[in-house]
Amino acid sequence: MTQIVIIGAGECGARAAFALREKGFAGKIMFIGAEDHLPYERPPLSKDALLQGHAPKLVSEAERYEAAGITVLTGISAESIDPAAKVVRLSDGRSQPYDQLLLTTGARPRPFPGLSGACQRIRTLRTHGDAVAIRAALQPGRHLAIIGGGFIGLELAAAARKLGARVTLVEGLPRILSRGVPEELAAVVAERHKAEGVEIHCGAKIRSLQEDSEGVSVLFEDDSTLDADLIVVGIGAIPNVELARDAGLAIDNGIAVDTHLRTSAPDIFAAGDCCSFPLAHYAGRRLRLEAWRNAQEQGQLAAANLLGAGEAITAVPWFWSDQYDLTLQIAGIADGAAQTVRREVADGAFILFHLDAGGRLIAASGIGPGNTVARDIRLAEMMIAAGIHPDPAALAAPAIKLKTLLAA
Ligand SMILES: Cc1cc2nc3c(=O)[nH]c(=O)nc-3n(C[C@H](O)[C@H](O)[C@H](O)COP(=O)(O)OP(=O)(O)OC[C@H]3O[C@@H](n4cnc5c(N)ncnc54)[C@H](O)[C@@H]3O)c2cc1C
(Lines give C-alpha, C1' and ligand atoms only; values in the text may rest on other atoms or scores of the structure.)
Protein backbone atom coordinates (compact mmCIF):
# COMPACT_ATOMS: atom_id res chain seq x y z
CA MET A 1 0.00 0.00 0.00
CA THR A 2 1.31 3.47 -0.89
CA GLN A 3 2.61 5.32 2.14
CA ILE A 4 2.87 9.09 2.60
CA VAL A 5 4.88 10.31 5.58
CA ILE A 6 4.49 13.87 6.89
CA ILE A 7 7.18 15.21 9.20
CA GLY A 8 6.15 18.14 11.43
CA ALA A 9 2.80 18.06 13.21
CA GLY A 10 1.76 21.72 12.99
CA GLU A 11 -0.95 23.61 11.11
CA CYS A 12 0.48 22.86 7.69
CA GLY A 13 1.06 19.13 8.20
CA ALA A 14 -2.40 18.65 9.69
CA ARG A 15 -4.11 20.44 6.78
CA ALA A 16 -2.10 18.31 4.34
CA ALA A 17 -2.99 15.04 6.09
CA PHE A 18 -6.74 15.74 6.00
CA ALA A 19 -6.59 17.12 2.46
CA LEU A 20 -4.96 13.88 1.27
CA ARG A 21 -8.00 11.97 2.47
CA GLU A 22 -10.46 14.58 1.16
CA LYS A 23 -8.82 14.23 -2.26
CA GLY A 24 -9.28 10.46 -2.19
CA PHE A 25 -5.88 9.12 -1.12
CA ALA A 26 -6.56 5.65 0.27
CA GLY A 27 -3.02 4.62 1.25
CA LYS A 28 -1.26 4.97 4.62
CA ILE A 29 -0.64 8.41 6.15
CA MET A 30 1.99 8.58 8.87
CA PHE A 31 2.17 12.00 10.58
CA ILE A 32 5.15 12.58 12.88
CA GLY A 33 5.50 15.45 15.37
CA ALA A 34 8.19 16.34 17.88
CA GLU A 35 5.78 18.12 20.24
CA ASP A 36 3.74 16.19 22.82
CA HIS A 37 0.44 17.71 21.60
CA LEU A 38 -1.62 17.02 18.54
CA PRO A 39 -1.22 19.93 16.06
CA TYR A 40 -2.55 23.16 17.51
CA GLU A 41 -3.03 26.76 16.39
CA ARG A 42 -0.12 29.06 17.25
CA PRO A 43 -1.79 32.49 16.74
CA PRO A 44 -3.75 32.29 20.05
CA LEU A 45 -0.47 31.77 21.95
CA SER A 46 0.26 35.50 21.87
CA LYS A 47 -3.44 36.47 22.15
CA ASP A 48 -6.34 34.62 23.87
CA ALA A 49 -4.31 31.68 25.17
CA LEU A 50 -1.98 34.05 26.97
CA LEU A 51 -4.86 36.02 28.47
CA GLN A 52 -7.08 33.11 29.39
CA GLY A 53 -4.61 30.27 29.87
CA HIS A 54 -6.48 27.98 27.47
CA ALA A 55 -5.46 24.42 26.67
CA PRO A 56 -3.96 24.35 23.16
CA LYS A 57 -6.54 24.99 20.46
CA LEU A 58 -6.23 21.81 18.40
CA VAL A 59 -6.42 21.97 14.62
CA SER A 60 -8.49 18.77 14.91
CA GLU A 61 -9.55 16.45 17.71
CA ALA A 62 -7.93 13.01 18.08
CA GLU A 63 -11.11 11.23 16.89
CA ARG A 64 -10.97 12.98 13.53
CA TYR A 65 -7.45 11.69 12.82
CA GLU A 66 -8.60 8.26 13.83
CA ALA A 67 -11.72 8.42 11.66
CA ALA A 68 -9.62 9.57 8.70
CA GLY A 69 -7.11 6.76 9.22
CA ILE A 70 -4.23 9.16 9.87
CA THR A 71 -1.60 7.70 12.21
CA VAL A 72 -0.20 10.49 14.37
CA LEU A 73 3.00 10.00 16.35
CA THR A 74 3.49 12.80 18.89
CA GLY A 75 6.63 13.40 20.94
CA ILE A 76 8.74 11.74 18.24
CA SER A 77 11.26 13.49 16.01
CA ALA A 78 12.46 12.51 12.61
CA GLU A 79 16.24 12.40 12.97
CA SER A 80 17.38 11.70 9.43
CA ILE A 81 16.13 11.01 5.93
CA ASP A 82 17.72 8.68 3.42
CA PRO A 83 16.26 9.88 0.10
CA ALA A 84 17.90 7.04 -1.86
CA ALA A 85 16.45 4.28 0.34
CA LYS A 86 13.26 6.34 0.99
CA VAL A 87 13.44 5.84 4.73
CA VAL A 88 13.11 8.22 7.70
CA ARG A 89 14.88 7.36 10.96
CA LEU A 90 12.87 8.33 14.05
CA SER A 91 13.94 9.27 17.58
CA ASP A 92 12.35 6.08 18.98
CA GLY A 93 14.75 4.01 16.88
CA ARG A 94 12.19 3.10 14.24
CA SER A 95 12.94 3.26 10.51
CA GLN A 96 9.91 4.52 8.64
CA PRO A 97 9.74 3.85 4.89
CA TYR A 98 7.89 6.22 2.58
CA ASP A 99 6.76 6.39 -1.01
CA GLN A 100 6.33 10.16 -0.77
CA LEU A 101 7.45 12.51 1.98
CA LEU A 102 6.17 15.93 3.02
CA LEU A 103 8.28 18.17 5.26
CA THR A 104 6.29 20.65 7.34
CA THR A 105 8.90 21.23 10.03
CA GLY A 106 8.01 24.90 10.60
CA ALA A 107 10.32 27.37 12.27
CA ARG A 108 11.75 28.11 15.71
CA PRO A 109 12.52 31.38 17.49
CA ARG A 110 15.82 33.03 16.61
CA PRO A 111 17.91 32.89 19.78
CA PHE A 112 19.42 36.07 21.21
CA PRO A 113 23.08 36.19 20.07
CA GLY A 114 25.51 34.91 22.70
CA LEU A 115 22.82 33.60 25.03
CA SER A 116 23.59 30.01 25.93
CA GLY A 117 22.13 27.48 28.34
CA ALA A 118 18.58 27.14 29.60
CA CYS A 119 17.20 30.35 31.09
CA GLN A 120 14.07 30.30 33.21
CA ARG A 121 13.36 33.99 32.94
CA ILE A 122 14.70 34.76 29.48
CA ARG A 123 12.30 33.06 27.11
CA THR A 124 10.89 32.92 23.60
CA LEU A 125 7.29 32.30 22.45
CA ARG A 126 6.57 29.58 19.92
CA THR A 127 4.93 26.64 21.71
CA HIS A 128 2.02 26.12 24.05
CA GLY A 129 4.56 25.35 26.80
CA ASP A 130 6.22 28.74 26.20
CA ALA A 131 2.84 30.50 26.52
CA VAL A 132 2.06 28.65 29.77
CA ALA A 133 5.43 29.62 31.29
CA ILE A 134 5.13 33.26 30.20
CA ARG A 135 1.57 33.56 31.49
CA ALA A 136 2.60 32.13 34.86
CA ALA A 137 5.27 34.82 35.17
CA LEU A 138 2.99 37.72 34.20
CA GLN A 139 1.35 38.65 37.49
CA PRO A 140 0.01 42.20 37.88
CA GLY A 141 2.87 44.60 38.64
CA ARG A 142 5.61 42.28 37.35
CA HIS A 143 7.96 43.86 34.84
CA LEU A 144 8.23 42.26 31.40
CA ALA A 145 11.00 43.34 29.04
CA ILE A 146 10.38 42.37 25.42
CA ILE A 147 13.29 42.32 23.00
CA GLY A 148 12.07 42.96 19.47
CA GLY A 149 9.28 45.10 18.09
CA GLY A 150 7.86 42.58 15.63
CA PHE A 151 4.39 41.04 15.68
CA ILE A 152 5.00 38.49 18.42
CA GLY A 153 6.64 41.02 20.74
CA LEU A 154 3.85 43.55 20.18
CA GLU A 155 1.00 41.06 20.61
CA LEU A 156 2.67 39.83 23.77
CA ALA A 157 2.99 43.43 25.00
CA ALA A 158 -0.76 43.98 24.50
CA ALA A 159 -1.64 40.75 26.32
CA ALA A 160 0.77 41.48 29.16
CA ARG A 161 -0.73 44.94 29.70
CA LYS A 162 -4.19 43.35 29.90
CA LEU A 163 -2.79 40.99 32.55
CA GLY A 164 -1.58 44.01 34.53
CA ALA A 165 2.16 43.62 33.93
CA ARG A 166 4.50 46.57 33.39
CA VAL A 167 5.94 46.32 29.87
CA THR A 168 9.09 47.74 28.30
CA LEU A 169 9.73 46.91 24.66
CA VAL A 170 13.26 47.29 23.28
CA GLU A 171 13.83 47.44 19.51
CA GLY A 172 17.25 47.72 17.89
CA LEU A 173 16.04 49.42 14.70
CA PRO A 174 14.77 53.00 14.50
CA ARG A 175 11.12 51.89 14.54
CA ILE A 176 8.92 48.92 15.37
CA LEU A 177 7.56 46.60 12.64
CA SER A 178 10.25 47.59 10.18
CA ARG A 179 9.99 44.25 8.33
CA GLY A 180 7.14 44.45 5.83
CA VAL A 181 4.90 47.02 7.58
CA PRO A 182 4.62 50.59 6.24
CA GLU A 183 5.76 53.30 8.64
CA GLU A 184 2.31 54.93 8.71
CA LEU A 185 0.75 51.75 10.10
CA ALA A 186 3.60 51.05 12.49
CA ALA A 187 3.17 54.56 13.92
CA VAL A 188 -0.50 53.83 14.74
CA VAL A 189 0.54 50.63 16.50
CA ALA A 190 3.32 52.38 18.44
CA GLU A 191 1.00 55.20 19.56
CA ARG A 192 -1.60 52.73 20.75
CA HIS A 193 0.94 50.77 22.78
CA LYS A 194 2.23 53.98 24.35
CA ALA A 195 -1.33 55.01 25.23
CA GLU A 196 -1.79 51.62 26.91
CA GLY A 197 1.33 52.23 29.02
CA VAL A 198 3.95 50.23 27.11
CA GLU A 199 7.37 51.89 27.16
CA ILE A 200 8.97 51.55 23.72
CA HIS A 201 12.70 52.15 23.15
CA CYS A 202 13.77 52.05 19.52
CA GLY A 203 17.34 52.22 18.21
CA ALA A 204 18.56 50.46 21.38
CA LYS A 205 21.94 48.73 21.23
CA ILE A 206 21.92 45.70 23.52
CA ARG A 207 25.22 44.29 24.73
CA SER A 208 23.82 41.27 26.59
CA LEU A 209 20.95 39.74 28.50
CA GLN A 210 21.62 38.40 31.98
CA GLU A 211 19.78 36.23 34.45
CA ASP A 212 20.66 35.70 38.13
CA SER A 213 18.80 34.82 41.31
CA GLU A 214 17.50 38.41 41.64
CA GLY A 215 15.91 38.65 38.21
CA VAL A 216 16.91 39.49 34.66
CA SER A 217 18.59 42.51 33.09
CA VAL A 218 19.16 43.98 29.68
CA LEU A 219 22.64 45.53 29.44
CA PHE A 220 23.02 48.24 26.81
CA GLU A 221 26.15 49.31 24.97
CA ASP A 222 26.04 52.72 26.70
CA ASP A 223 26.40 50.84 30.04
CA SER A 224 22.81 51.49 31.11
CA THR A 225 20.70 48.56 32.30
CA LEU A 226 17.03 47.61 32.34
CA ASP A 227 16.01 45.29 35.18
CA ALA A 228 12.91 43.11 34.81
CA ASP A 229 11.23 39.99 36.16
CA LEU A 230 11.00 38.33 32.77
CA ILE A 231 12.56 38.90 29.35
CA VAL A 232 10.91 37.55 26.22
CA VAL A 233 13.02 37.63 23.07
CA GLY A 234 11.00 38.05 19.85
CA ILE A 235 13.60 38.73 17.16
CA GLY A 236 12.25 36.52 14.40
CA ALA A 237 12.20 32.86 13.53
CA ILE A 238 14.54 30.54 11.70
CA PRO A 239 13.22 27.72 9.51
CA ASN A 240 13.79 24.13 10.65
CA VAL A 241 15.87 22.97 7.69
CA GLU A 242 18.52 20.75 9.33
CA LEU A 243 16.77 17.47 8.55
CA ALA A 244 16.42 18.46 4.87
CA ARG A 245 19.92 19.96 4.63
CA ASP A 246 21.54 16.82 6.09
CA ALA A 247 19.65 14.73 3.54
CA GLY A 248 21.23 16.83 0.78
CA LEU A 249 18.13 18.87 -0.17
CA ALA A 250 18.63 22.38 -1.55
CA ILE A 251 18.25 25.15 1.06
CA ASP A 252 17.68 28.81 0.29
CA ASN A 253 16.30 30.73 3.28
CA GLY A 254 14.26 27.61 4.05
CA ILE A 255 13.86 24.29 2.28
CA ALA A 256 13.89 25.40 -1.36
CA VAL A 257 10.82 24.23 -3.27
CA ASP A 258 9.54 24.91 -6.77
CA THR A 259 6.16 26.35 -7.60
CA HIS A 260 4.59 22.91 -6.96
CA LEU A 261 6.22 22.67 -3.48
CA ARG A 262 8.65 20.00 -4.73
CA THR A 263 12.08 19.99 -3.09
CA SER A 264 15.28 19.18 -4.99
CA ALA A 265 14.88 15.46 -4.06
CA PRO A 266 12.47 13.13 -5.85
CA ASP A 267 9.21 12.41 -4.00
CA ILE A 268 9.95 14.93 -1.22
CA PHE A 269 7.77 18.03 -0.88
CA ALA A 270 7.92 20.83 1.72
CA ALA A 271 5.35 23.42 2.79
CA GLY A 272 4.57 26.09 5.38
CA ASP A 273 6.99 28.12 7.52
CA CYS A 274 9.94 25.81 6.73
CA CYS A 275 10.09 26.40 2.96
CA SER A 276 10.93 29.14 0.52
CA PHE A 277 9.10 29.21 -2.79
CA PRO A 278 8.91 31.30 -6.00
CA LEU A 279 5.80 33.43 -6.38
CA ALA A 280 4.64 34.26 -9.88
CA HIS A 281 2.74 37.43 -8.80
CA TYR A 282 6.11 38.93 -7.84
CA ALA A 283 8.14 37.95 -10.91
CA GLY A 284 9.06 34.59 -9.44
CA ARG A 285 10.70 36.16 -6.39
CA ARG A 286 11.59 33.56 -3.73
CA LEU A 287 9.74 34.10 -0.45
CA ARG A 288 9.42 32.35 2.86
CA LEU A 289 6.28 33.23 4.83
CA GLU A 290 5.56 32.77 8.50
CA ALA A 291 1.80 33.10 8.30
CA TRP A 292 -1.11 30.98 9.43
CA ARG A 293 -3.15 31.06 6.23
CA ASN A 294 -0.09 30.28 4.12
CA ALA A 295 0.52 27.19 6.27
CA GLN A 296 -3.07 26.08 5.67
CA GLU A 297 -3.08 26.78 1.95
CA GLN A 298 0.30 25.21 1.30
CA GLY A 299 -0.70 22.12 3.30
CA GLN A 300 -3.66 21.69 0.97
CA LEU A 301 -1.63 22.42 -2.14
CA ALA A 302 1.08 19.97 -1.08
CA ALA A 303 -1.59 17.27 -0.64
CA ALA A 304 -2.93 17.92 -4.16
CA ASN A 305 0.56 17.81 -5.67
CA LEU A 306 1.58 14.69 -3.73
CA LEU A 307 -1.34 13.12 -5.56
CA GLY A 308 -0.09 14.41 -8.91
CA ALA A 309 -2.28 17.49 -9.46
CA GLY A 310 0.66 19.64 -10.61
CA GLU A 311 -0.94 22.85 -9.28
CA ALA A 312 1.22 25.97 -8.94
CA ILE A 313 1.31 28.34 -5.98
CA THR A 314 -0.93 31.28 -6.78
CA ALA A 315 -2.06 32.51 -3.34
CA VAL A 316 -1.43 36.14 -2.46
CA PRO A 317 0.44 36.35 0.88
CA TRP A 318 -1.86 37.47 3.71
CA PHE A 319 -1.21 38.12 7.37
CA TRP A 320 -3.11 39.56 10.29
CA SER A 321 -2.23 40.68 13.80
CA ASP A 322 -4.51 41.58 16.73
CA GLN A 323 -3.35 44.05 19.35
CA TYR A 324 -5.88 45.47 21.86
CA ASP A 325 -8.98 46.14 19.75
CA LEU A 326 -6.87 46.88 16.66
CA THR A 327 -6.50 44.47 13.78
CA LEU A 328 -3.81 44.94 11.19
CA GLN A 329 -3.97 43.08 7.89
CA ILE A 330 -1.50 42.90 5.06
CA ALA A 331 -2.08 41.34 1.64
CA GLY A 332 0.71 41.03 -0.90
CA ILE A 333 4.31 42.23 -0.71
CA ALA A 334 4.85 45.98 -0.62
CA ASP A 335 8.65 46.03 -1.22
CA GLY A 336 9.36 47.72 -4.49
CA ALA A 337 6.22 49.87 -4.42
CA ALA A 338 6.58 53.09 -6.39
CA GLN A 339 3.39 54.71 -5.14
CA THR A 340 1.26 54.44 -2.01
CA VAL A 341 -2.35 55.62 -1.83
CA ARG A 342 -4.28 56.06 1.42
CA ARG A 343 -7.99 55.33 1.72
CA GLU A 344 -9.95 56.22 4.84
CA VAL A 345 -12.35 53.59 6.16
CA ALA A 346 -14.89 53.89 9.01
CA ASP A 347 -13.92 54.50 12.67
CA GLY A 348 -10.44 55.90 12.03
CA ALA A 349 -9.37 52.80 10.11
CA PHE A 350 -7.38 53.23 6.90
CA ILE A 351 -5.85 51.18 4.12
CA LEU A 352 -2.66 51.83 2.19
CA PHE A 353 -2.58 50.56 -1.38
CA HIS A 354 0.86 49.94 -2.82
CA LEU A 355 1.38 50.13 -6.59
CA ASP A 356 4.49 49.27 -8.59
CA ALA A 357 6.11 51.56 -11.15
CA GLY A 358 3.74 50.27 -13.84
CA GLY A 359 0.67 51.06 -11.71
CA ARG A 360 -0.11 47.43 -10.79
CA LEU A 361 -1.50 46.87 -7.31
CA ILE A 362 1.07 44.73 -5.45
CA ALA A 363 0.02 45.05 -1.81
CA ALA A 364 -2.49 46.55 0.59
CA SER A 365 -2.12 47.06 4.30
CA GLY A 366 -4.75 48.30 6.70
CA ILE A 367 -5.37 48.93 10.36
CA GLY A 368 -8.49 49.64 12.37
CA PRO A 369 -10.70 48.44 15.19
CA GLY A 370 -12.12 44.92 14.89
CA ASN A 371 -13.02 43.89 11.38
CA THR A 372 -13.11 47.36 9.83
CA VAL A 373 -10.44 46.72 7.19
CA ALA A 374 -11.15 43.03 6.52
CA ARG A 375 -13.55 43.35 3.59
CA ASP A 376 -11.49 45.91 1.69
CA ILE A 377 -8.27 43.97 2.24
CA ARG A 378 -10.03 40.89 0.87
CA LEU A 379 -11.06 42.86 -2.24
CA ALA A 380 -7.51 44.22 -2.55
CA GLU A 381 -6.22 40.67 -2.40
CA MET A 382 -8.49 39.75 -5.31
CA MET A 383 -7.27 42.78 -7.26
CA ILE A 384 -3.64 41.78 -6.61
CA ALA A 385 -4.36 38.22 -7.75
CA ALA A 386 -6.04 39.55 -10.90
CA GLY A 387 -3.04 41.82 -11.69
CA ILE A 388 -5.22 44.94 -11.81
CA HIS A 389 -3.86 48.47 -12.49
CA PRO A 390 -6.41 50.57 -10.58
CA ASP A 391 -6.78 54.32 -10.84
CA PRO A 392 -4.98 55.67 -7.71
CA ALA A 393 -7.55 58.48 -7.32
CA ALA A 394 -10.36 55.91 -7.24
CA LEU A 395 -8.50 53.84 -4.65
CA ALA A 396 -8.20 56.89 -2.44
CA ALA A 397 -11.90 57.85 -2.73
CA PRO A 398 -13.99 56.13 -0.03
CA ALA A 399 -17.14 56.84 -2.05
CA ILE A 400 -15.92 54.61 -4.89
CA LYS A 401 -16.50 50.96 -4.05
CA LEU A 402 -13.46 48.70 -4.48
CA LYS A 403 -15.76 46.10 -5.98
CA THR A 404 -16.30 48.34 -9.01
CA LEU A 405 -12.52 48.59 -9.50
CA LEU A 406 -12.25 44.82 -9.35
CA ALA A 407 -15.03 44.43 -11.88
CA ALA A 408 -13.39 46.99 -14.18
C1 LIG B 1 2.95 33.14 19.01
C2 LIG B 1 2.59 33.12 17.55
C3 LIG B 1 1.58 33.92 17.08
C4 LIG B 1 1.25 33.92 15.72
N5 LIG B 1 0.26 34.75 15.29
C6 LIG B 1 -0.03 34.79 13.96
C7 LIG B 1 -1.02 35.69 13.48
O8 LIG B 1 -1.62 36.45 14.25
N9 LIG B 1 -1.30 35.70 12.15
C10 LIG B 1 -0.64 34.87 11.27
O11 LIG B 1 -0.92 34.91 10.06
N12 LIG B 1 0.30 33.99 11.69
C13 LIG B 1 0.63 33.95 13.02
N14 LIG B 1 1.60 33.09 13.47
C15 LIG B 1 2.31 32.23 12.49
C16 LIG B 1 1.63 30.88 12.28
O17 LIG B 1 1.22 30.33 13.48
C18 LIG B 1 2.64 29.96 11.58
O19 LIG B 1 2.89 30.52 10.32
C20 LIG B 1 2.13 28.53 11.45
O21 LIG B 1 1.98 27.94 12.70
C22 LIG B 1 3.12 27.69 10.64
O23 LIG B 1 2.68 26.39 10.58
P24 LIG B 1 3.67 25.21 10.15
O25 LIG B 1 2.88 23.96 10.30
O26 LIG B 1 4.33 25.54 8.87
O27 LIG B 1 4.84 25.22 11.22
P28 LIG B 1 4.81 25.01 12.86
O29 LIG B 1 3.54 25.55 13.37
O30 LIG B 1 6.09 25.59 13.29
O31 LIG B 1 4.81 23.44 12.99
C32 LIG B 1 5.93 22.65 12.69
C33 LIG B 1 5.97 21.47 13.63
O34 LIG B 1 6.99 20.57 13.19
C35 LIG B 1 7.66 20.04 14.30
N36 LIG B 1 8.98 19.54 13.86
C37 LIG B 1 10.04 20.24 13.45
N38 LIG B 1 11.05 19.42 13.12
C39 LIG B 1 10.62 18.16 13.35
C40 LIG B 1 11.22 16.87 13.21
N41 LIG B 1 12.45 16.70 12.76
N42 LIG B 1 10.48 15.78 13.55
C43 LIG B 1 9.21 15.91 13.99
N44 LIG B 1 8.60 17.11 14.14
C45 LIG B 1 9.30 18.22 13.81
C46 LIG B 1 7.73 21.24 15.23
O47 LIG B 1 7.99 20.81 16.57
C48 LIG B 1 6.34 21.83 15.06
O49 LIG B 1 5.44 21.25 15.95
C50 LIG B 1 1.95 33.07 14.82
C51 LIG B 1 3.00 32.25 15.29
C52 LIG B 1 3.31 32.27 16.65
C53 LIG B 1 4.45 31.40 17.14
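This short presentation covers the ligand site and three helices of a predicted model.

Colleagues, a word on conventions. Residues are numbered from 1 along each chain as its sequence is written, and side-chain values use heavy atoms, with hydrogens and water left out. In this predicted model, local features need pLDDT of at least 70 and side-chain atom pairs count only at pLDDT 80 or more, while totals for chains, interfaces and linings use all residues.

I begin with the ligand. Its shell holds 36 residues, a residue being near the ligand if one of its heavy atoms lies within 4 Å of it. The closest are Glu35, Arg42, Lys47, Arg126 and Asp273.

Next come the polar contacts, meaning pairs of N or O atoms within 3.5 Å; within protein, one must be able to donate a hydrogen and the other to accept it, and residues adjacent in sequence count only if both atoms are side-chain atoms. Glutamate 35 places a polar side-chain atom 2.6 Å from an oxygen atom of the ligand. For arginine 126, the corresponding side-chain distance to a ligand oxygen atom is 2.7 Å. Cysteine 12 contributes a polar backbone atom, 2.9 Å from an oxygen atom of the ligand. On its own the ligand has 1000 Å² of accessible area (Shrake-Rupley method, 1.4 Å probe), and the protein covers 93% of it.

Where does the ligand lie with respect to domain 1 and domain 2? It lies between them, because domain 1 (3-108 + 239-306) and domain 2 (122-233) both give residues to its shell. These bounds come from an automatic or database domain assignment.

Helix H1 (11-22) is among the elements that give two or more residues to that shell. Helices here are DSSP runs (H or I) of at least four residues, numbered from the N terminus. Of the 12 residues of H1, 9 are buried, so this helix is largely enclosed by the rest of the structure. Buried means under 20% relative accessible area, exposed over 50%, and partly exposed in between, with a 1.4 Å probe and protein chains only. Cys12 is one of the buried residues of H1, as are Glu11 and Phe18.

Turning to helix H6 (residues 183-195), we find alanine 187. Its relative accessibility is 39%, which means that alanine 187 counts as partly exposed. Alanine 187 and isoleucine 176 are 8.2 Å apart, C-alpha to C-alpha, and 11 residues apart in sequence.

Finally, helix H9 comprises residues 374-386. Its buried residues include Asp376, Glu381 and Met383. Just after H9, glycine 387 adopts a positive phi of about 70 degrees.

How values were computed. Expected span 1.5 Å × (residues − 1).
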